[in-house]
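Hello,

Here is the structure I promised to pass on to you. Please open it first, and then read on for what turned up in it.

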Amino acid sequence: MPSKLRTESGFERPDDFYDVLIEAHRGLTEVQSAMVNAKLILLLANHIGDLDVIREALAAAKAGV
Amino acid sequence: MPSYAYPTYAYRPSPDQVRTTPARHRVAIVGAGPVGLAAAIDLAAQGVACVLLDEDNTVSTGSRAICHAKRTLEILDRLGCAAPMMAKGITWQSGKVFFRDGQVFAFDLLPEGGHRFPAFINLQQYYFEQFLVEHAATLPAIDLRWKNRLVRVDVKADCVRLGIETPDGTYDIDADWVIAADGARSATRRLMGLDFRGKVFEDRFLIADVKMKAEFPTERWFWFEPPFHTGGSALLHRQADDIWRIDLQLGWNADPEEERKPERVIPRLKAMLGPNARFDLDWVSVYTFQCRRLDRFRHGRVIFAGDAAHQVSPFGARGGNSGIQDADNLVWKLALVLKGLAPERLLDSYDAERLVAADENIQYTTRSTDFITPKGTVSRTFRDAVLGLARTHVFARRLVNSGRLSTATILADSPLSTADIDAFDGQLRPGAPALDAPVLRDSREGWLLDSVRGGFSGLYFAEAGVDPTVAMGLAALKQAPIPVATTAVVPAGQSAADGLAVVVDAEGQAGRRYDGAPGTFYLMRPDQHVAARWRKFDRARVDAALARATGH
Ligand SMILES: Cc1cc2nc3c(=O)[nH]c(=O)nc-3n(C[C@H](O)[C@H](O)[C@H](O)COP(=O)(O)OP(=O)(O)OC[C@H]3O[C@@H](n4cnc5c(N)ncnc54)[C@H](O)[C@@H]3O)c2cc1C
């Protein structure tokens, strides 16, 4: 099956994205951060709405873990 | 303690008990629970006599099934048993889900009108069984034997010998076919040494029935982690006679003996219902739930149905409701085989169809259970994240799983279905259960499903009258060895041809639900599932589909 997950760089300004992500967690406890991450995954996964892409992303995320 | 007056059904010795050789019966059904009773009544309706054995002499004790789905009501209606259920049951179709101290969303299970039966009624299992027993008692074809416990199964080449224990000692009968409907602890299954595999959920639930006059609406209310029951889930649902069902999740470490005690239960209920709530405890039990099934439901002449064949956790009300669908699926097949109109292998399609249904039910209830009782920190975080998002985000509401409530299984890959060769729109497809619609019959308001019963049936959608050749072809189907009784569905103001039953689709609902362009013909199975459909009536195609649907 051809890959549907885009893994080439998608951001025009990657550093900005990374900063936004880290900033979002500033001052949160671990439990709060875990909740934010979980909600973020749910929101983005629904936005993607394609289980094939999500399966691929999960596999890539698990590789080496 | 229970406000319901349990009937006692008399043990009556049977002449079979004093014979020197075992009496021979065509069908024996083990277990007069909902499934065994429904099967017996359906068999009688199809002209097949049976012996129905039950080890007890009353209906289901305590609090078990309460939610009976639309499809169950449609099946019961076909069996002539829906009216008392509807009269006594509590009709509902909406509910609310709460998380901690706030409402997450509300739902409606049957938003569109034009159905005879509601999405659900709530009725205690003892009433459900009582009404079936009362109906069975009017049918001479059913020989219902209380206090008759199955203790031995001996599978022979051409029959099954059953050893039965009664207050007067044991006796044997021989049966051509046995329907094992003896529940989750099935004696038949144990005596035949069959495996019942699956998984147990490591959690305990307090099930309490309380009698109270309360102002809560007739809705299913489900709480995740409510303030009144820290860390667990809770369910509140109304039943007949001002009895309310309350489920509280207790966790795996709860001590079932302790938790059953009124001094433990009452404070929990007061926390939920308020310190001033006045209620009486009607019944309390503590359950663990499991999802298991047999590898196969047909073992030669012994066929398993209901909880004896498969067991699910109750989230979604899929246990009893799927058992009734088992009976609905099995009985017409067995009746055709017994009448010599279908080969025995038709019974294998029961396996094929109902195993898929059981797996679907097990999957749904397993997923619900995983959502309701998350195991581990990460699954709990995701669960709470879904609930947190669901207040404001529609997509997350669809992820909330407090039980996916039972609907009829679509027998999508059934060996009995004929695949579409024409294009159709809409929900229906081969293998799907019929959809009801309001129609006029002899100028009186009625329901389409009343034309889809009593054997195989046909629905012919016509515009202005029915072409006489087609009408003759449709009428001739009634004379086939396996007769097909066809009803013409015509628009308001039209009539059909002579010799054809007709209903008027005054509101156009039937036409819409069946995508019934003029000329469309549906072949329906005796259990009201679609066997085949075409845009044009063609006798040769109907014959082929009928042969396929009967295992030929
Ligand atoms: C707490 C709870 C809530 C539930 N809620 C729902 C719900 O809302 N909706 C729903 O659809 N389902 C629900 N269920 C499931 C439902 O109760 C069962 O699926 C249903 O009772 C199965 O019917 P059955 O006829 O297969 O078996 P059973 O009801 O168990 O009947 C088996 C019968 O066999 C008889 N028997 C047993 N052994 C022998 C023997 N050796 N010889 C002769 N007779 C024998 C018994 O006396 C009994 O009458 C719930 C279950 C529980 C526990």
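A good place to begin is His68(B), whose bridge partner in β7(B) is Ile121(B). Please keep in mind throughout that this is a predicted model.

That pair belongs to a longer contact between strands: β3(B) and strand β7 (residues 120-122) of chain B run antiparallel and are joined by three bridges. Zooming out a little, you will see an open sheet of three strands in chain B, in the order β3-β7-β4, with antiparallel pairing. Its edge strands are β3 (67-69) and β4 (90-92) of chain B, each of which pairs on one side only. On average, neighbouring strands of this sheet are turned by 30 degrees against each other, direction ignored. In general, strands of a sheet pair through backbone hydrogen bonds, either parallel or antiparallel.

Now look for helix α2 (residues 70-78) of chain B, which lies across β3 and β7 of chain B. The helix α2(B) runs at about 70 degrees to β3(B).

Next, the aromatic rings. Over all chains, a search of the whole structure finds 29 aromatic pairs. One of them is formed by Phe216(B) and Trp221(B), which meet edge-to-face at 5.8 Å centre to centre, with 75 degrees between the planes. Are these two residues buried or exposed? Trp221(B) counts as buried because its relative accessible area of 14% is under the 20% cut-off. Phe216(B), at 26%, is partly exposed.

Another edge-to-face pair is Tyr514(B) with Tyr522(B), at 5.0 Å centre to centre and 80 degrees between the planes. Both Tyr514(B) and Tyr522(B) are buried.

Which residues make up the aromatic cluster that includes Phe216(B) and Trp221(B)? The cluster consists of these two together with Phe98(B), Trp223(B), Phe228(B) and Trp244(B).

Two arginines also sit over rings. Arg189(B) lies over the face of Phe196(B), 3.5 Å from the ring centre. Arg533(B) lies over the face of Phe424(B), at 4.0 Å from the ring centre.

Finally, the overall layout of chain B. The chain is divided into domain 1, made of 15-88 + 120-193 + 293-363, and domain 2, covering 438-549. The centres of domain 1 and domain 2 of chain B, taken over C-alpha atoms, are separated by 31 Å. Where the domains meet, twelve residues of domain 1 of chain B are in contact with eleven residues of domain 2 of chain B.

Enjoy exploring it, and best wishes!

Methods:
Residues are numbered from 1 along each chain as its sequence is written. Chains are lettered from A and ligands numbered from 1 in the order in which they are written. This is a predicted model: local features need pLDDT of at least 70, side-chain atom pairs count only at pLDDT 80 or more; totals for chains, interfaces and linings use all residues. Side-chain values use heavy atoms; hydrogens and water are left out. Two strands pair if DSSP finds at least two bridges between them. Helices (H or I, at least four residues) and strands (E, at least two) are DSSP runs, numbered from the N terminus. Axes are lines fitted to C-alpha atoms, for helices over the stretch in contact, and angles run from 0 to 180 degrees between N-to-C directions. Contact means heavy atoms within 4.5 Å. Rings of Phe, Tyr and Trp (its six-membered ring) pair if their centres lie within 6.5 Å; planes under 30 degrees apart count as stacked, over 60 as edge-to-face and the rest as tilted. Buried means under 20% relative accessible area, exposed over 50%, partly exposed in between (1.4 Å probe, protein chains only). A charge sits over a ring if NZ of Lys or CZ of Arg is within 6 Å of the ring centre and within 35 degrees of the ring normal. Domain bounds come from an automatic or database domain assignment.
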